[in-house]
Amino acid sequence: MLRRLMQIDCSEVPSAARWLPAIGLVFCAAASAQALSLTAPRDGAHVRSGAEIRVSVGRDDAANLRHVRYFWLRLGEESVAAHQADPAEFHPVNGEGQLEGTVTVPREAIGDMRLLAVGDVVRGRLAGHQDFDEVVIHVEPQARLSTIEFAVDKPWRLDTLGKRLSVPVFGQFEDGLARPLQGQGTGSTFHSSDERIVRVTPQGEIQVAGNGKAAITVLSRGQEGRLAVVVEAEDTANRPPEAVAPTSLIAKPGAVVTLNGLKSRDPDGDPLLFRWKQVRGNKVDLTAPNEATTSFVAPHVAERRLLQFHLVVTDLYGPDTVKGADSEPAVVDVWITP
């Protein structure tokens, strides 16, 4: 369900912007479209989970916005509607091409989140495109953390050397909600008792290093959780592969952009399985997300915008059998410039 910003011909209304009860907020403007710009909240802002916050979309007087949708995603998540904000009822501000409304921060949100604004921009009655902008903001729960728990049987049994996994840890908060404690900005720290068995990153991702027993300790908001880990894998050395891709690309709207991971390699000479995912920007369709190279059509933008992708490669015993060691993600920034 979305509230709409509609556009009709200038001849049909006496002024440039008017509220018509039958169809919503109407904008009458010239045909050329300028950039959609998310002006509030600001990048790096701190907000509370569950709070209603002001959102503001800047637009040139020539921009014709049919409607704007908002999506909440954790950093590192694929660009899908994992969380969608409540629809915002907009109103123009000072006649300067600024639209304001409110959205609600998801109650279960925690840590660093992407707020992605996607607007449909029309040019005439039939032609149109999408434009987008996004900010990264920090979300802090209003409730206190009660306990730290793990969504796995104890001990956590693993059987693949080199495998990378997120620690399945969540917090039970006093508002009755469970929130993930791994990821950026969640205020959690992670420690492995033996990095020869499992290594752990500051964001709560482990990599299985060797056979044996270890413990992962999680500290967050004055609480502590401890998870025993038992690794029983084939006693054969298997070194993780390396994902290699260009770190930065520039493309024009409408161009076919190719993401190339062909230089990825495995130190043991094993064949590789490829997995591409998009983690920043409005969603684009990848032609072959499980191949060494994939491509997409660069979207229309009126200002320079970032699309970011991660490539992870996994080694194989052969063409159809996964061996299981994962690479660190290779990060590719694709800048779309008008």
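Here is a short tour of a small sheet, two charge-over-ring contacts and the nonpolar cores. Keep in mind that this is a predicted model.

**Stop 1: the sheet.** Select strands 13, 16 and 17, which form an open antiparallel sheet in that order. Strand 13 (145-150) and strand 17 (178-180) are the edge strands; each has a single partner, so one side of each has no neighbour in the sheet. On average, neighbouring strands here are turned by 30 degrees against each other, direction ignored.

**Stop 2: strands 16 and 17.** Now keep strand 16 (residues 169-173) and strand 17, whose antiparallel pairing runs over 3 bridges. Show Gly-171 and you will find Arg-179 of strand 17 opposite. Next, show the side chain of Arg-179: it lies over the face of Phe-173, 4.9 Å from the ring centre.

**Stop 3: another arginine over a ring.** Move to Arg-304, which lies over the face of Trp-335 at 3.9 Å from the ring centre.

**Stop 4: the largest nonpolar core.** This core has 27 residues, and those touching the most other members are Leu-259, Phe-296, Leu-307, Phe-309, Leu-311 and Val-334. Colour strand 7 (65-74), strand 11 (111-123), strand 24 (256-260), strand 25 (272-280), strand 27 (305-316) and strand 29 (330-336), since each supplies at least two residues of this core. Then centre on Leu-311: beyond four places away in sequence, the residues it touches include Ala-243, Phe-274, Trp-276 and Pro-329.

**Stop 5: another core.** Apart from the largest core lies another, of 25 residues; select Ile-110, Trp-156, Leu-181 and Val-208, which are among them. In soluble globular proteins, nonpolar side chains tend to be buried together.

Definitions and conventions. Residues are numbered from 1 along each chain as its sequence is written. This is a predicted model: local features need pLDDT of at least 70, side-chain atom pairs count only at pLDDT 80 or more; totals for chains, interfaces and linings use all residues. Side-chain values use heavy atoms; hydrogens and water are left out. Two strands pair if DSSP finds at least two bridges between them. Helices (H or I, at least four residues) and strands (E, at least two) are DSSP runs, numbered from the N terminus. Axes are lines fitted to C-alpha atoms, for helices over the stretch in contact, and angles run from 0 to 180 degrees between N-to-C directions. A charge sits over a ring if NZ of Lys or CZ of Arg is within 6 Å of the ring centre and within 35 degrees of the ring normal. A nonpolar core is a set of buried Ala, Val, Leu, Ile, Met, Phe, Trp, Tyr and Cys residues joined through side-chain atoms within 4.5 Å. Buried means under 20% relative accessible area, exposed over 50%, partly exposed in between (1.4 Å probe, protein chains only). Contact means heavy atoms within 4.5 Å.
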